[in-house]
Amino acid sequence: MITCATEHKAVLDAAAHVRSSGMGDVTVLPVDGMGRISQDELEDAMTERTVLVSVMAANNEIGTMHDLRAVGRIATKYGALFHTDAAQAAGRVPLDVRDMHIDMMSISAHKMYGPKGIGALYVRTGVRRRLRPVQFGGGQEGGMRPGTLNVPAIVGFGRAALIAKCEMEGENSRFARWTARMRRAFEAAGGRVNGDPSKRLPHNVSVTFPGIDGKAVINSVSDAIAISAGSACTTQTVEPSHVLLALGLSEEDAHASIRIGVGRFNTDGQVDLAIRVITEAVKELRGLRGESA
């Protein structure tokens, strides 16, 4: 199995289980300072024993989008299956499983304003015979995953996907305008934006304020806005983000980072508020450390 260092823990922990249980070898590709894998390194890692390549469509912390078409072509060239974790990208950016040579794609409803607790795995025709279930009992999902189907959640998922398809273009234009304003303001305040500057999710901003405790920024603005230090799935951990460390950030700078996401129900006024309270918090925290603004 081949994956990359900035994958979600859902993939990295599964890969670690593959390795620790002796089911197979795992290659974890590094990323550059923007969070991108090297196509040359991916191809060098491919062998006749490679059965699966799993590379996420877009990173949940820094917003960097991978070149799925290029990854898919390489996987196909060597006869490996290509899976992509598209939870962050589906409903946000266009995805074409045929053009991108995607064999399997996992998506989640709540990332596109659907119900929580419902997801889907796209499986290309002809690939299913190569898959084996990990749970048994009942004949649901063609024998691949037992359990009574959650019909209301499935219907809600489908409706959310339809709305996302219709609203995507307009939303992305608005989100890109907002996040560009945020990036300019935060850079003017001494911040460093993380992730690819152009090939990125339009609604995501990850920024590092060197020397400033990210949690202190979050605490300072918590009465006005909701932001996070990293992935919501790892908020209970005190370790620095594995994604930011993979970019080459020091532990200190990783702890000095915050992540902001804008969404369908935000307004221009709320974006202005977020910019103001975050930059004021950074200025105040610098003042407490005796630094100039």
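A residue is called buried here when its relative accessible area is under 20%. By that criterion, helix H3, spanning residues 68–77, buries Leu68, Ala70, Val71, Gly72, Ile74 and Ala75 in this predicted model. The cover over these buried positions includes helix H2 (39–45), strand S3 (52–54) and strand S4 (81–85). Just beyond H3, glycine 79 adopts a positive phi of about 75°.

It helps to set this helix in the context of the whole chain. The protein chain holds 8 helices and 9 strands, and buried residues account for 45% of its 293 residues. Its C-alpha trace extends over about 60 × 40 × 35 Å along the principal axes. The radius of gyration is 20 Å, which agrees with the value near 19 Å for a compact globule of 293 residues. Among contacts in the protein chain with a separation of 6 or more, 65% link residues 24 or more positions apart.

Helix H1 offers a second view of how a helix packs in this model. Its 12 residues, 9–20, reach 16 Å from the first C-alpha to the last, close to the 16 Å expected at 1.5 Å a residue. Val11, Leu12, Ala15 and Val18 of H1 are buried. Viewed down the axis of H1, these buried residues fall within an arc of 115°, so they line one face of the helix. The general geometry is a familiar one: an α-helix has 3.6 residues a turn, so residues three or four places apart point the same way. Ala10 and Ser20, on the other side of H1, are exposed. Strand S1 (2–4), S3, S4 and helix H6 (242–246) are among the elements that cover the buried residues of H1. After H1 comes glycine 22, with a positive phi near 80°.

The nonpolar interior can be described next. In soluble globular proteins, nonpolar side chains tend to be buried together. The largest nonpolar core has 32 residues, of which Ile37, Leu42, Val53 and Phe82 touch the most other members. At least two residues of this core come from each of S1, H2, H3 and H6, and H3 gives the largest share, 4 residues. A second core, separate from this one, has 26 residues, including Trp178, Phe209, Val271 and Val282. Leucine 42 illustrates the packing in the largest core: leaving aside residues up to four places away in sequence, leucine 42 touches Ile2, Leu29, Ile37, Val53, Val71 and Ile74.

Strand pairing completes the picture. S4 and strand S5 (residues 104–108) pair in the parallel sense over 3 bridges, and histidine 83 has methionine 104 in S5 as its bridge partner. S5 is also joined by 5 bridges to strand S6 (residues 119–123), and these two strands run antiparallel. Methionine 104 appears in this pairing too, standing opposite valine 123 in S6.

An open sheet is formed by 3 strands in the order S7-S8-S9, with antiparallel pairing. Strand S7 (192–193) and strand S9 (257–261) lie at the edges with a single partner strand each, so one side of each has no neighbour in the sheet. Strand S8, residues 204–208, pairs with S9 over 5 bridges in the antiparallel sense, and serine 206 stands opposite arginine 259 in S9.

Technical notes. Residues are numbered from 1 along each chain as its sequence is written. This is a predicted model: local features need pLDDT of at least 70, side-chain atom pairs count only at pLDDT 80 or more; totals for chains, interfaces and linings use all residues. Side-chain values use heavy atoms; hydrogens and water are left out. Buried means under 20% relative accessible area, exposed over 50%, partly exposed in between (1.4 Å probe, protein chains only). Contact means heavy atoms within 4.5 Å. The expected span of a helix is 1.5 Å times one less than its number of residues. The arc is that of the directions from the helix axis to the C-beta atoms. Two strands pair if DSSP finds at least two bridges between them. A nonpolar core is a set of buried Ala, Val, Leu, Ile, Met, Phe, Trp, Tyr and Cys residues joined through side-chain atoms within 4.5 Å. The radius of gyration is taken over C-alpha atoms; the globule rule is 2.2 Å times the number of residues to the power 0.38.
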